[in-house]
Every structure is written in structure tokens, then in C-alpha cells.
Amino acid sequence: MTTTTGTMTSTRSLSYIALFAAVIAVFGLIPKIDLPFGVPITLQSLGIMLVGCLLGPKRAFYTVGLFLVAVALGLPLLSGGRGGVAVFVAPSAGFLLGWLIGAVVCGVSMRQFMKRMPEAKGKGLLIVAFLSSLIGGIVVMYFFGILGLMLAAHLSATQATLAVLAFIPGDLVKCAACAVLVQSVVRGMPSWRLDRD
Amino acid sequence: MRSLYSTRRTWLHGVPAWLKLVALSLGGTVLMLTADVRGIAIAAAIVLALFASLGPAGWRQWRMLRGLLIASALIAGFHWAMGHPAIGLVSALRIMAAAMLALMLSITTRFDDLLTVLETILSPLRRFGLPVERIALAIGLTLRFAENFYAQWQRLDDAHRARTGRSGGLRLLAPLAIRALQTAERVADALAARLGG
Amino acid sequence: MTLKTLPPAGAATPGIRLESVTLSRGDRVVLEQIDLHLTEQRIGLVGDNGAGKSSLFRLICGLDQPQSGRVSVHGCRTDDAGERRKLPQQVGMMFQNPDDQIIFPTVAEELAFSLTAAGIGKQQARQQARAFLVARGLPDWADRAVGELSQGQRQQVCLMALQITTPATLLLDEPYSALDLPSQLRLSAQVAATSQQIILSTHLLGHVQDFERVLWLDKGRLRGDGPGRDICAAYAQDVRERAALHSAVEVLHHAAQADAT
């Protein structure tokens with residue numbers, strides 16, 4: 001949380017990080033669909049992608065990290081009111097690590113795109129945000145999620161992948177929703193820069 | 001936001017937080033290293049007895065365990081169907097036992113105490129630039145604003161219902177995110193005034 | 001100067017009716033046995049915080065349902081989900097804080113939303129929203145980001161979003177509280193100029209003193225109902241008396257404590 005270019009000071013960073021960790025928590029309060037294998041379909045992963053795209057890789061890392069620390073300390077911030085260290089030993093724990101890395105990757109991807117096309121708005125921005133959410137929110141997230149499932153449930157890679165296949169369409173929709181969200185936020189707050197660190 | 005901590009005191013409440021964390025880590029490691037069915041069964045039975053000794057404070061959190069129970073049962077069933085029931089049983093019991101241990105920690109340890117332990121563990125990293133005090137501040141902010149944003153969500157939903165007769169749903173995510181950005185700026189100013197920088 | 005997009009629902013409709021309405025939240029009674037028939041063009045609503053003013057508005061908009069009694073707005077009942085869909089065409093509510101209401105990132109989209117909610121197609125709604133802004137003398141507001149507007153300007157956007165569909169009634173819940181003086185004057189002028197029925201809740205009695213009817217809510221009950229001047233004077237008097245009583249009690253209390261030491 002060091003000083004970066006623009007008007008971002010460390011206190012500003014702290015504020016954004018803490019508040020967007022709160023946003024992720026609130027995304028979890030929106031009713032979810034509970035499915036077998038204990039892997040919930042929630043909007044929280046949408047919050048993760050959003051944080052990655054909006055805040056940039058470094059801040060996204062701290063935000064998701066802060067969120068996970070808060071959950072580990074016992075706060076029921078995970079959707080469905082789950083919390084405590086117990087969620088880190090569940091079969092779906094891999095996804096939590098996936099959230100952390102995925103948000104960073106989202107941020108890196110977004111930043112790389114925006115540095116090359118800083119004036120992107122409208123359709124361009126939509127595509128960029130969608131791709132970033134896809135790479136970070138699905139590829140990375142599921143990589144770690146499947147890994148976690150393999151370890152916890154003693155499944156092979158193929159078996160674990162098959163187990164989570166059903167959720168991918170829903171998450172693809174979430175990527176699209178994230179893209180729309182990013183675009184709306186940029187339109188509502190044009191002063192917010194997406195190419196900052 | 002109600003945490004998992006139970007105000008109904010048990011024998012475990014009096015044990016210092018760091019000790020419980022150490023015990024949890026040791027217990028978790030033992031569970032991970034035990035691979036045979038008998039060993040795991042004994043370990044699981046011990047954990048179950050410990051959990052039961054907490055009394056109603058433990059059973060109140062049955063919901064947390066329910067999801068994991070379903071996941072474990074599915075895993076066990078899957079492996080049994082594939083012809084190696086032992087692996088499934090070991091996985092299932094390990095998950096349940098680890099989760100119960102972790103849950104025992106969350107139920108009997110105050111959030112503040114865990115935070116203090118966390119800060120103590122992290123304090124050597126202070127000389128590497130990690131702002132340890134700020135973590136507590138950040139978590140406090142996250143909690144406060146999670147409630148705030150949730151209330152904001154409900155107010156936006158009210159306004160939407162007043163204008164359309166229906167609930168807003170996902171459409172409200174954009175104004176919420178924008179509001180979060182705006183609030184973060186104001187909070188940063190307030191913090192800067194009190195903390196400097 | 002409002003753009004008429006829907007037939008005005010004012011003329012022969014029966015006004016806002018509350019019949020023996022009681023509203024409770026949990027075990028707290030918020031409004032008790034309210035009977036009202038609101039047909040006047042300008043109605044004020046005064047009372048202490050917590051007296052039930054916002055709750056009354058929420059009932060009229062269909063956000064809450066009364067435990068007993070009935071609410072109907074220009075013939076549209078609030079207890080039926082189907083009818084509630086049509087309620088926004090009869091009554092619009094402006095909440096205290098514009099940030100609690102604005103849903104879309106740009107002004108034109110926010111205005112167009114009111115129209116699409118009323119059933120108008122997206123393209124046409126966009127055009128009408130822009131035309132509305134032009135008619136108001138604010139053509140460059142169409143694509144402006146809501147996040148860059150000042151508080152007073154956001155309040156204006158909220159008001160426009162409500163007026164664009166010309167509902168018969170507008171409920172304004174303490175609209176002046178967050179505004180600076182110029183914005184207050186502007187809002188006051190807009191309120192005076194509009195042909196819609198306005199029900200305005202406020203702590204600034206001066207704004208409703210000249211209204212033909214003012215309602216005084218006290219702890220969930222209707223304590224006063226009459227011409228603006230009389231009710232405002234009575235309410236102000238009551239507040240002064242309570243304050244005087246309160247300080248008298250405090251003086252006695254301090255005196256008793258001083259005696260005891």
C-alpha cells in the first residue's frame with residue numbers, strides 16, 4: 001500500500017480496499033442457489049471479478065486478502081452466512097484461493113488492455129472487461145478450485161473437472177454481467193481510472 | 001453481522017486463543033497425514049466427542065456443518081460407486097473432522113482475540129513494510145460498511161419498487177458499486193484527517 | 001413545461017384514500033387508525049422524527065402493507081401485486097437522499113428508465129428523455145455522469161425522473177434537508193409551478209405554511225389536519241411548549257441533585 005501515481009495515497013488505498021471487501025461481503029448477502037458438493041452458485045465470484053477489474057491487481061489482492069482474513073477470523077461473510085476457518089478445509093476451499101489469484105489476474109489483464117487502449121469505452125470496454133473476467137474469474141478460479149477438490153476429495157483431475165462443469169455456464173453469465181457492471185461504473189464515474197496500478 | 005462466536009460459555013472459551021490455533025494446526029496436520037481408515041475413524045471419533053462436549057453452543061451451528069455433511073456424503077458415495085470405498089470414507093471423515101475442529105475454534109474464540117494473535121504473528125513483518133495496525137482498522141471498516149452498503153442496497157431496492165412495482169435485483173449492483181467508490185473517497189478524506197497521509 | 005407522455009391521471013380520479021390504516025413494525029405500532037382522503041393540490045406533512053411521516057409515504061407508494069385497513073391511490077389499490085405495477089403511474093416518491101434512488105450511471109438513462117418502467121420501448125424512451133432535458137433547458141445533461149453531479153443537481157435528476165411520467169401525485173420526503181439555499185429556492189419554485197398533486201413532508205415549516213392543507217402526525221396518530229397556517233402554528237407551539245417543559249424538568253433535576261450533594 002505505497003504511494004502510487006495519481007492521487008492515490010496509502011490512506012486512500014486502505015479506504016478502497018476495506019470498502020470493496022465490504023462490497024464482496026454484501027454480494028454474498030444476495031440470495032444464492034445451494035447445490036450439491038457444497039459448491040455454491042453465488043454472486044460473490046462476480047464481486048471478485050469486479051474488484052479485480054476496477055481496483056487493479058495490487059489493490060485487488062489486498063481486498064480479497066482482507067476479505068479472506070476477515071472470514072478466517074470467524075465473520076460470516078461468505079454467502080450463506082458461512083465463515084470461520086472451517087470454510088478453508090471444505091472441498092470448495094480451492095476456489096477461495098482461486099478468488100485471490102483470480103482477482104489479481106483480472107486486474108493485470110484489465111490493466112494491460114487499458115494501457116494499450118486508454119480511451120476504450122462502450123463496446124471496447126465491454127469486451128476487455130469480459131475477457132479479463134474470463135481469464136481471471138473462470139480460468140484461474142476453476143484451476144485452483146479443481147485442484148482443491150482433487151486434494152480434498154481424492155478425485156482425479158478429470159473427475160474433479162467433471163464435478164464442477166455444471167457451474168461454468170452460470171459463471172460465464174457472471175463474466176458478462178461483470179463486463180456490463182464495469183462499463184456502468186465507468187460511465188457513472190468517468191474520473192475513475194482503470195489503468196492505474 | 002452475527003459472528004459464529006457463542007456467548008454461551010464452554011470449557012474451551014477459557015483457553016487462550018493462540019493455544020487453540022496451535023492445537024488446530026496440529027490437529028489439522030495429523031488429519032492430513034493420516035491415510036488409513038482406522039486412524040481417521042479414531043481421530044474423527046475424538047473430534048466428535050470434543051465437539052459434543054461443547055454442548056448446545058456447538059449444536060447451534062449445525063447449519064454450517066450441514067453443507068459439509070452433504071459434500072462429504074457425496075464424496076464418500078462417489079468413491080464407493082467407483083469401487084474404492086475406503087478412499088471416500090477417509091476423505092469424508094477427514095473433511096468433517098477438520099471442519100469440526102475449525103468450527104470449535106470459531107465458536108469459542110472472540111474475533112478480537114484472534115485478531116490480536118494475527119497481529120502478533122505478523123508483527124515481525126512490520127520491518128518489511130507490512131502495516132500491521134492497519135489490518136485491524138481495515139477489518140473494522142469492512143464490517144461497518146458491509147452493514148452500511150446492505151442498507152443502501154435495501155434503500156435502492158425500495159426506490160426501484162416505488163418506481164416499477166418490482167424488486168431491483170441485479171440491476172442495483174451498478175449504483176451500489178458507484179456508491180462504494182464515492183463513499184471510499186469520503187472515508188479516505190476522513191481517515192486522512194485523523195491519521196495523516 | 002413538463003413533457004406529457006401519458007394521459008394525466010388527475011382529473012376525475014378519487015384522490016388518495018387511507019381507510020382505518022394501522023401499520024406496525026415488529027411489536028411497535030407506527031401508524032394507528034389513519035383515515036384520510038387527500039384531494040387537495042398542495043398538502044404538507046409535519047411532525048417529529050419517528051412520528052410516522054416516511055411510513056405514511058411508504059404506504060401510499062405500496063412499499064409497505066398495512067396490518068389493517070386499505071390504501072388506494074387514484075383508484076389503484078396497493079394490496080394487489082398486479083395493481084402495484086401500475087402504481088408508479090399514479091404516484092411518485094422522492095426519497096430524502098438522491099444517492100438512495102439513482103439507479104443508472106447517466107442522466108438520460110435514469111430518465112429513460114422511468115419511461116421503460118411504464119411500458120414505453122427503449123429507443124423511444126431514450127428519445128423522450130433527451131427531448132425532456134432539452135425542454136428543460138438542460139440539453140448537455142443527457143450524457144453526464146451522475147457521479148459528477150453535485151448533491152443539488154442529483155436531487156434535480158431525481159425530481160425529473162419522477163416528473164417525466166407525469167404521475168398524478170408526487171410525494172416529497174424531506175426534500176430540502178440536504179440542499180443548499182439556492183437549490184432550496186429552485187425546488188420550491190418547481191413545486192409551486194407543477195400541476196401535479198404534491199404531498200410534502202418537511203421540518204422547514206415555512207415551505208408548507210401556505211399550503212391549503214397540512215397534516216400533523218404525532219406518534220403515529222393524526223393530531224392535526226387543516227389549513228397550513230393554523231396547523232404549522234399549532235405544531236410549532238407544541239414543540240416550544242415541550243422544549244420549555246423539558247428544560248424546566250432539567251433545571252429541577254439539577255436543583256435536586258445540587259440539594260442532595
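Start by selecting chains B and C: in this predicted model, 17 residues of chain B are in contact with 18 residues of chain C. On the chain B side, pick out helix H7 (132-164) and helix H8 (173-195), the elements that each give two or more residues to the surface touching chain C. H7(B) has the largest share there, nine residues. Colour that side of chain B by residue type and you get seven nonpolar, four polar and six charged residues.

Now keep chain B, hide chain C and bring up chain A. Here 46 residues of chain A are in contact with 51 residues of chain B. Which elements of chain A should you highlight for their two or more residues on the side that touches chain B? Go for helix H1 (10-29), helix H2 (44-72), helix H4 (122-153) and helix H6 (168-188) of chain A. H1(A) gives the most to this side, with 16 residues. Try the colouring by type again: the chain A side that touches chain B splits into 33 nonpolar, eleven polar and two charged residues.

With A and B still on screen, look for the largest nonpolar core, which has 198 residues. The members touching the most other members are Leu19(A), Phe20(A), Ala22(A), Val182(A), Ala99(B) and Ala177(B), so show those as sticks. H2(A) supplies the largest share of the core, 17 residues. Next, colour chain B by domain: domain 1 (11-110) and domain 2 (131-195) both give residues to this core, so the core lies between them. As background, nonpolar side chains in soluble globular proteins tend to be buried together.

Zoom in on one of those core residues, Ala99(B). Setting aside sequence neighbours within four places, what is Ala99(B) in contact with? From chain A, select Ala86(A), Val89(A) and Ala90(A); from chain B itself, add Leu65(B) and Leu68(B).

Last stop: bring chain C back and switch to a cartoon. Six strands of chain C make an open sheet, and you can trace them across in the order E6-E7-E8-E3-E9-E10. The pairing is mixed. At the edges sit strand E6 (91-94) and strand E10 (221-226) of chain C, each pairing on one side only. Going from one strand to the next, the twist averages 15°.

Stay at the E10 edge and select strand E9 (residues 213-218) of chain C as well. E9(C) and E10(C) run antiparallel and pair over five bridges. Strands of a sheet pair through backbone hydrogen bonds, so turn on the backbone atoms for this view. To finish, click Leu215(C): standing opposite, in E10(C), is Asp225(C).

Terms used. Residues numbered from 1 in each chain as written. Chains lettered and ligands numbered in written order. Predicted model: local features only at pLDDT ≥ 70, side-chain atom pairs only at ≥ 80, totals over all residues. Contact = placed C-beta atoms within 7 Å. Helix = DSSP H or I, 4+ residues; strand = E, 2+ residues; numbered from the N terminus. Nonpolar A, V, L, I, M, F, W, Y, C, P; charged D, E, K, R; others polar. Pairing = 2+ DSSP bridges. Axes fitted to C-alpha atoms, helices over the stretch in contact; angles between N-to-C directions. Core = buried A, V, L, I, M, F, W, Y, C linked by C-beta atoms within 7 Å. Buried ≥ 20, exposed ≤ 12 C-beta atoms within 10 Å, placed from the backbone. Domains from an automatic or database assignment.
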